[in-house]
Amino acid sequence: MPGEGIPIYTNFLTLPEKVKDLTSEYGISDKNIYAWLKEQYNFSDLDSNVVKIETPLLDSTFDYIVFYAQGLKDNSIIITDDGWTIDNLNSYGINFDGRSKT
């Protein structure tokens, strides 16, 4: 079946509760967890208007999630992963076409 084996997290709203459960079980404060996460992000200037952002989070192939922020002349910002997410989903048989409304 296409997409089989991909972990799907359907309820992100429960994540903070799970973090709280872990923090109370191991005696770690949630502030320490969020501080650690913040320290793990790496920002690299690739160009005068492009920043590479490396996160400590893993995708379904256990690669770190990386994305790019590009500043435009109209002061807007484009955030992209350079097509990695779509390519990764395609490799699992999940395909998108121009008619998809989801």
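This is a guided tour of the structure, stop by stop, with something to select at each one.

**Start: the whole chain**

Show everything as a cartoon. You are looking at a predicted model. The protein has 3 helices and 4 strands. Trace the chain from the N terminus: the elements run α-α-β-β-β-β-α.

Now switch on the surface. The accessible surface of the protein comes to about 8700 Å². Carbon and sulfur atoms hold 57% of that area. How much of the protein is buried? Buried residues make up 11% of the 102 residues. Contacts tell another part of the story. Among contacts with a separation of 6 or more, 16% are between residues 24 or more positions apart.

**Stop 1: the sheet**

Hide the surface and select the strands. They form an open sheet of 4 strands in the order β1-β2-β3-β4, with antiparallel pairing. Which strands lie at the edges? Select 42-47 for β1 and 77-80 for β4: each of these edge strands pairs on one side only. Turn the view to look across the strands. The twist averages 25° from one strand to the next.

**Stop 2: β1 and β2**

Select residues 50-58, which are strand β2. β2 pairs with β1 in the antiparallel sense, over 5 bridges. Together β1 and β2 form a hairpin, with 2 residues between them.

Label two pairs here. Asp-47 stands opposite Val-50 in β2. Ser-44 stands opposite Lys-52, also in β2. Keep Lys-52 in mind, as this residue returns at Stop 4 as a contact of Val-66.

**Stop 3: β2 and β3**

Add residues 64-71, strand β3. β2 and β3 run antiparallel and are joined by 6 bridges. This is another hairpin, with 5 residues between its strands. Zoom in on the turn and pick Phe-62. Its phi is positive, at about 65°.

Next, find Leu-58. Which residue is its bridge partner in β3? The partner is Tyr-64.

Show the side chains of Leu-58, Phe-62 and Tyr-64 together. They form a nonpolar patch on the surface. Their accessible area together is about 390 Å². Is Tyr-64 buried or exposed? Tyr-64 has a relative accessible area of 55%, and exposed means over 50%, so this residue counts as exposed.

**Stop 4: Val-66**

Stay on strand β3 and select Val-66. Val-66 has 23% relative accessibility. The partly exposed class lies between the 20% and 50% cut-offs, so Val-66 belongs there.

Now display what surrounds Val-66. Leaving out residues up to four places away in sequence, Val-66 touches Lys-52, Ile-53, Glu-54 and Asp-81. Draw a distance from Val-66 to Glu-54. The two residues are 12 apart along the chain, and their C-alpha atoms are separated by 4.5 Å.

**Stop 5: β3 and β4**

Move on to β4. Strands β3 and β4 pair in the antiparallel sense over 4 bridges. Label one of the pairs: Gln-70 has Ile-78 in β4 as its bridge partner.

Then select the loop between β3 and β4, where Asn-75 is found. What is the phi of Asn-75? It is positive, at about 70°, although Asn-75 is not a glycine. That is worth a pause, because most residues other than glycine have a negative phi. Show the surface again around Asn-75. With a relative accessible area of 72%, this residue is exposed.

**Last stop: the loop after β4**

Follow the chain out of the sheet. Select residues 84-91 to pick out α3. The loop between β4 and α3 holds Asp-82. Asp-82 is not a glycine, yet its phi is positive, at about 60°. Is Asp-82 buried or exposed? Its relative accessible area is 64%, over the 50% cut-off, so Asp-82 is exposed.

To finish, zoom out and return to the full cartoon. Find the open sheet again, in the order β1-β2-β3-β4. Then pick out the edge strands, β1 and β4.

Terms used:
Residues numbered from 1 in each chain as written. Predicted model: local features only at pLDDT ≥ 70, side-chain atom pairs only at ≥ 80, totals over all residues. Heavy atoms only, no water. Pairing = 2+ DSSP bridges. Axes fitted to C-alpha atoms, helices over the stretch in contact; angles between N-to-C directions. Buried < 20%, exposed > 50% of the residue type's maximum accessible area, 1.4 Å probe, protein only. Contact = heavy atoms within 4.5 Å. Areas by Shrake-Rupley, 256 points an atom, 1.4 Å probe, with all protein chains shown as cover. Patch = residues over 30% accessible without salt bridge, like charges linked within 9 Å, V, L, I, M, F, W, Y side chains within 5 Å. Salt bridge = Lys/Arg side-chain N within 4 Å of Asp/Glu carboxyl O.
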